[in-house]
Amino acid sequence: MDLITVVRRSHDEESPRKRQRLNTENSPWENESDIGVTACAVSPQNIIAFACYGNLKPNMSKPTDQNMTVVVCDTNTPWDTHIVKSCVAQVTVLEWDQSGHYLLIGDTAGNAEIWTTLTHLLNEWTRVANISLPDEPIQAGTFFFNGKKTVFNSQNRESVSYLDKYTQVDMKPSIRGFGGRPLQGFLVVGMTGLVQAFVMGGTKGKTTNVEILGGVRLAYSYVDLAWTKDGEILAIACTGIPLDPIVYCKLTIQKDDGVEFSCLLDEYRLRSETLTGLFPLQSAASEMRVCGINFSSREDPSGIFLLVNGMSSGTLQYWELSEVERTIHSLFSTSAATSRYLQWQCMSVFNCNSKITSVCPSRNVWVSGSEAGAHSQHHLVITTTCGELLCLHRDSMKQVGLLSIADRSKCENKTVSSVCFTATGNALIAFDNSATMFICKLSPITDPGGPVTIPYALMALEYCLITGIDYWDVLIGLRSTMLDSLCERLTDCFNQQSIGLQQLSQYRLHNIKLAIFRLGPSSNSKAGLQYGIIMLNSVYSALKSLLRPPPELFNQDRAPADSLTAVLSSKIPEIGTEVDKVLLHLEVKEFTVEPSTLITVQHLIQWTVTFILRLLNNLPDWRAATTTRGTMCDMLRDPKLLNMFRELLVIFRIWGLIRHSCLPTFSYMENVDVIATLFRILTRLLQTSEPDESLLDECCQLSSQLIIPDIGLSLPARGIASPMLFNQLPLQYEYGIHPEETSLAKYDGVEGESKVDSIRHVYLGPKPHNVRYCSRCKGISIIVKGLRVGRSAAAKSWDMRWQMSCPCRGMWTRQEVQ
């Protein structure tokens with residue numbers, strides 16, 4: 001367990017003053033300068049949400065009666081926090097759904113709310129659903145299961161196919177809607193066992209009836225929820241009082257039409273079924289006490305973890321519900337018959353020298369056991385009263401990591417208040433009672449205690465490639481010597497997949513390779529290659545989608561631009577290297593677009609032609625500087641990309657005949673036809689394996705014929721997942737204070753202080769307003785929503801393509817760029 005990052009409050013604090021608020025009872029924070037975290041959770045997209053008292057940032061407003069805030073931040077930029085909501089009651093539950101778009105917030109006042117980013121901006125949150133259990137503190141909550149779970153099959157680890165290595169587990173969603181599709185919703189459990197669910201959908205959604213957990217209302221101190229393979233929700237609860245039973249229930253949600261064979265009503269009913277309970281403390285009850293209970297995993301758990309503390313020590317017990325045989329007495333049977341029943345059994349125990357305060361198993365368990373029927377492999381973390389984090393392996397209960405919060409903070413009274421795993425379980429987020437955030441990287445799940453190896457990193461990245469889960473926590477475990485080899489193996493394995501799977505996952509592959517190369521301080525050209533491929537593929541598909549051939553030329557069996565592809569690949573002798581001769585073999589009406597639409601995509605045409613100019617102009621320098629693969633020069637070695645460039649140039653030529661103002665504009669030093677020149681050079685590059693001297697001279701002359709604008713060929717990384725990861729660790733940050741950027745992280749896309757929109761590729765000026773910035777790179781983009789500017793369908797489609805995330809897959813945040 002290696003510490004990567006520490007984020008603290010600013011040292012500029014005012015003198016402590018007695019805090020006045022409504023819920024002062026049983027509060028561990030007495031002074032206004034005190035601060036603490038009550039709950040935390042990490043989404044599948046590695047967005048941290050945590051609830052805290054007090055002010056994190058020095059410039060925040062003074063505490064009021066509503067001094068409990070829920071804040072979010074990207075794990076890559078943990079100092080940049082954003083408030084989701086403020087409330088009076090203490091927040092006890094934070095849960096993300098499986099997509100990472102919805103956040104469940106439950107508090108001690110009995111309110112459970114769903115918040116989301118409707119604008120896909122990390123600092124703009126909206127409440128979309130809520131339920132209330134008055135005067136019933138929320139103890140636990142979970143979202144409905146959507147029935148999708150993918151695991152790595154350890155028995156097929158040597159297989160080449162992704163479909164063999166990463167198998168889909170046969171699980172059912174919690175509730176189905178019309179057509180069998182899974183419905184979204186959530187369920188919460190109160191302190192006295194009241195349970196209620198909310199089914200999202202339509203304009204308002206539907207609430208279910210209120211059910212009692214186990215049929216008896218008790219004052220439960222610890223509650224945990226999980227899903228089964230059949231989509232049912234399991235609940236485990238205990239009061240913490242010695243000799244009290246641990247309640248084990250099954251919760252199901254079904255559609256209740258009210259009247260049989262009637263579909264007029266659309267109501268849902270929640271039902272609770274009591275299962276076999278557990279009595280863990282049968283002796284020495286006065287000294288021992290249950291201090292926590294958790295399922296072994298959130299998806300189809302195999303057992304439960306039980307925390308039992310004594311006077312000065314603690315024990316972590318793992319219990320499983322197994323089937324046991326018992327012989328029937330001869331008085332009740334004529335033969336030696338046996339009966340089978342379910343009984344809880346303690347399978348393993350971990351003893352600790354100090355009291356254990358909590359246990360945190362990994363929620364996303366994705367590595368199956370090496371043997372058939374074996375439990376899934378994952379880490380679990382326990383926290384102690386002396387401020388220690390102990391990382392254990394699930395199978396052997398062996399300690400594989402240790403982190404002392406008290407030693408890091410140099411203060412004896414520092415304890416861990418909340419802890420959670422990241423998306424793939426390869427990193428850990430912990431908070432102490434002063435809201436200091438600790439980010440740690442963990443050892444591989446398959447090799448506890450060992451270093452991260454290339455095969456394990458490849459396995460984790462391929463899992464993210466298949467499922468769409470964020471891979472940031474895998475990146476922070478890499479070493480600088482692994483980057484090139486890892487990308488080569490990732491590409492080789494990807495090229496062995498089926499064509500359909502490659503087309504489906506190609507965008508994610510380039511995203512992962514872009515993020516890996518940006519970790520290296522000398523891999524800017526390799527990262528630029530991935531960024532260029534991502535953007536050019538997007539431009540190519542977006543511009544081709546504008547083609548609307550007339551009805552007499554419409555052919556359902558082929559795309560509108562397939563005829564152009566066929567002509568360029570046929571190598572017709574009379575075409576040669578002249579772009580105008582290609583038009584003679586095409587039906588120009590097939591490429592006709594409305595003139596009003598063409599002017600709205602002029603910025604994409606301008607950037608594409610400029611990008612090709614920069615590639616060709618730098619070709620002699622790249623060829624002389626390096627002969628290795630993986631640089632920007634590779635784009636001019638790839639026949640597919642060269643043909644893509646040629647197709648786009650031909651389309652631009654046709655569109656220029658329709659509306660000349662859509663063509664790119666340059667400052668010319670001599671009269672030159674840019675499109676014709678570029679088409680000729682690209683065709684010659686396609687016809688030769690290596691460029692000759694005359695072709696290189698023609699590329700060098702481009703800069704003397706016209707002024708080539710300077711555009712960004714990559715998006716430099718920012719935050720933790722950047723070259724600074726290989727500096728001296730741990731990295732030290734403060735909430736609300738942006739760290740100074742190194743020269744390698746500064747955006748070198750344009751000369752001077754002007755900013756460039758990384759989505760539309762237009763200049764925004766030195767101090768643009770109403771912009772959004774990426775949490776993982778230096779990309780910025782203007783926010784068009786709310787602006788009274790008329791846009792065509794083509795412009796809206798291009799903006800929607802990047803609405804949810806940046807091309808590097810980072811989250812957007814609205815803020816003015818200084």
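About 36,200 Å² of the protein is exposed in this predicted model, and carbon and sulfur atoms supply 49% of that area. Of the 818 residues, 56% count as buried. The secondary structure comprises 16 helices and 39 strands. Contacts often span long stretches of the chain: among those between residues at least 6 apart in sequence, 62% join residues at least 24 apart.

A helix pair offers a good place to look more closely. Two packed helices are described by the angle between their axes and the distance between the axes. Helix α3 (residues 454-467) packs against helix α6 (residues 499-517) at an angle of about 140°, and their axes lie 9 Å apart. The two helices are therefore oblique to each other, and their crossing is right-handed. On the α3 side, the contact is made by Leu461, Leu465, Ile466 and Thr467, while α6 contributes Ser505, Arg508, Leu509, Ile512 and Ile516. By character, the residues of this contact divide into six nonpolar, two polar and one charged.

Attention then turns to a single loop residue. His375 sits in the loop between β25 (356-361) and β26 (379-384). Its relative accessible area is 30%, so His375 counts as partly exposed, a class that lies between the 20% and 50% limits. Leaving aside neighbours within four places in sequence, His375 is in contact with Ser302, Tyr318, Glu320, Ser368, Gly369, Arg394 and Asp395. One of these partners, Arg394, is 19 residues away along the chain, and its C-alpha atom is separated from that of His375 by 8.6 Å.

Key. Residues are numbered from 1 along each chain as its sequence is written. This is a predicted model: local features need pLDDT of at least 70, side-chain atom pairs count only at pLDDT 80 or more; totals for chains, interfaces and linings use all residues. Side-chain values use heavy atoms; hydrogens and water are left out. Helices (H or I, at least four residues) and strands (E, at least two) are DSSP runs, numbered from the N terminus. Buried means under 20% relative accessible area, exposed over 50%, partly exposed in between (1.4 Å probe, protein chains only). Contact means heavy atoms within 4.5 Å. Accessible areas come from the Shrake-Rupley method with a 1.4 Å probe; for residues, only the protein chains shown count as cover. Axes are lines fitted to C-alpha atoms, for helices over the stretch in contact, and angles run from 0 to 180 degrees between N-to-C directions. Angles under 35 degrees count as roughly parallel, over 145 as roughly antiparallel, 65 to 115 as roughly perpendicular and the rest as oblique. A crossing is left-handed if the near helix is turned anticlockwise from the far one by less than a right angle, and right-handed if clockwise. Ala, Val, Leu, Ile, Met, Phe, Trp, Tyr, Cys and Pro count as nonpolar, Asp, Glu, Lys and Arg as charged, and the others, Gly among them, as polar.
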